[in-house]
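The following exercises ask you to read a protein model step by step, with the structure open beside you. Try each task on your own before you turn to its solution.

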Amino acid sequence: MQTLKIGDKVPSFSVNDQDGNTINLSDYLEKKLIVFFYPKASTPGCTAEACNLRDNYAALQSQGYELLGVSADSEKRQANFKNKYEFPFPLLADEDHTVINAFGVWGPKKFMGKTYDGIHRMTFVVDEKGVVSNVIEKVKTKDHAAQLLA
């Protein structure tokens with residue numbers, strides 16, 4: 001797994017959000033961007049994480065941040081997740097792993113003694129020039145915004 005590190009330039013990407021709109025990295029140049037990766041929409045940990053970011057969205061925006069949530073779920077599943085919990089930020093439906101591979105968050109995971117490939121729950125802060133300025137590898141799902149605002 002070749003994960004992006006602080007100081008790395010994020011490769012440009014183009015992928016659909018939950019409504020089928022094309023989202024490009026270039027849409028966020030000149031802005032501070034938080035890209036959070038989660039394994040699966042509507043699961044307990046992912047819901048806790050995204051709801052914590054939703055509940056602290058105003059504080060994140062007041063510091064100049066935009067947010068993008070990313071998983072390999074379909075547009076329909078992402079739309080259901082966003083609508084059910086009223087997320088104010090786009091969720092990318094990265095079914096072909098364009099963004100997941102660009103950030104290097106797909107790799108071996110262990111759960112209940114089994115090893116499998118999946119998305120690692122990680123968050124990247126990207127500066128106005130498209131360069132990674134922070135990486136959170138150990139995401140606290142119920143208190144993730146505090147990790148970003150610290």
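**Exercise 1.** In this predicted model, find the salt bridge between Glu 49 and Arg 121, state where each partner lies, and decide whether Glu 49 is buried or exposed.

*Solution.* Begin with the distance: the side chains of Glu 49 and Arg 121 meet in a salt bridge, with 2.7 Å from N to O. Next, place the partners: Glu 49 belongs to helix α1, while Arg 121 sits in the loop between β7 and β8, so the pair ties together parts that are 72 residues apart in sequence. Finally, turn to accessibility: a residue is called buried when its relative accessible area is under 20%, and Glu 49, at 0%, is therefore buried.

**Exercise 2.** How many salt bridges does the model have, and which residues are joined into one network?

*Solution.* The count comes to four salt bridges. One of them is formed by Lys 40 and Asp 73, whose closest N and O atoms are 3.7 Å apart. This pair links distant parts of the chain, since Lys 40 is in the loop between β3 and α1 (44-55) and Asp 73 is in the loop between β4 and α3 (75-85), 33 residues apart. The accessibility of each partner comes next: Lys 40 counts as partly exposed because its relative accessibility is 40%, whereas Asp 73, at 6%, counts as buried. Another salt bridge is made by the side chains of Arg 54 and Asp 55, at 2.8 Å from N to O; here Arg 54 is partly exposed, with a relative accessible area of 25%, and Asp 55 is exposed, with 55%. As for the network, salt bridges that share partners join Lys 40, Asp 73 and Arg 77.

**Exercise 3.** Where is Asn 52 placed, and which residues does Asn 52 touch, not counting residues up to four places away in sequence?

*Solution.* First locate Asn 52, which lies in helix α1. Then check its accessibility: because its relative accessible area is 11%, Asn 52 is buried. Leaving out residues up to four places away in sequence, Asn 52 touches Thr 141, Lys 142, Asp 143, His 144 and Ala 145.

**Exercise 4.** Describe the largest pocket by its volume, its lining and the kinds of residue found there.

*Solution.* The volume of the largest pocket is about 170 Å³. Its lining consists of Pro 39, Lys 109, Phe 111, Tyr 116, Gly 118, Ile 119, His 120 and Arg 121. Sorting these by element, you find that β6 (106-111) and β7 (114-119) are the elements that give two or more residues to the lining, and that β7 gives the most, with three residues. Sorting the lining by kind instead yields four nonpolar, two polar and two charged residues.

**Exercise 5.** Which members of the largest nonpolar core touch the most other members, and which element supplies the largest share of this core?

*Solution.* Among the 24 residues of the largest nonpolar core, Phe 13, Phe 37, Phe 103 and Phe 124 touch the most other members. At least two residues each are supplied by β3 (32-37), β4 (65-71), α4 (98-103), β8 (122-126) and β9 (132-136), and the largest share, four residues, comes from α4. To look at one member in detail, take Phe 13: apart from residues up to four places away in sequence, Phe 13 touches Ile 23, Asn 24, Leu 25, Leu 68, Leu 92, Thr 98, Val 99 and Phe 103. A second, separate core has 21 residues, including Ile 34, Phe 81, Phe 87 and Ile 136.

Key: Residues are numbered from 1 along each chain as its sequence is written. This is a predicted model: local features need pLDDT of at least 70, side-chain atom pairs count only at pLDDT 80 or more; totals for chains, interfaces and linings use all residues. Side-chain values use heavy atoms; hydrogens and water are left out. On a 1 Å grid over the protein atoms alone, a cavity is a set of points where a 1.4 Å probe fits but cannot get out, and a pocket is an open set with protein on both sides within 12 Å along at least five of seven lines; lining residues have an atom within 4 Å of a point. Grid points are joined across faces, edges and corners, and a volume is the space filled by probe spheres set on the points. Ala, Val, Leu, Ile, Met, Phe, Trp, Tyr, Cys and Pro count as nonpolar, Asp, Glu, Lys and Arg as charged, and the others, Gly among them, as polar. A nonpolar core is a set of buried Ala, Val, Leu, Ile, Met, Phe, Trp, Tyr and Cys residues joined through side-chain atoms within 4.5 Å. Buried means under 20% relative accessible area, exposed over 50%, partly exposed in between (1.4 Å probe, protein chains only). Contact means heavy atoms within 4.5 Å.
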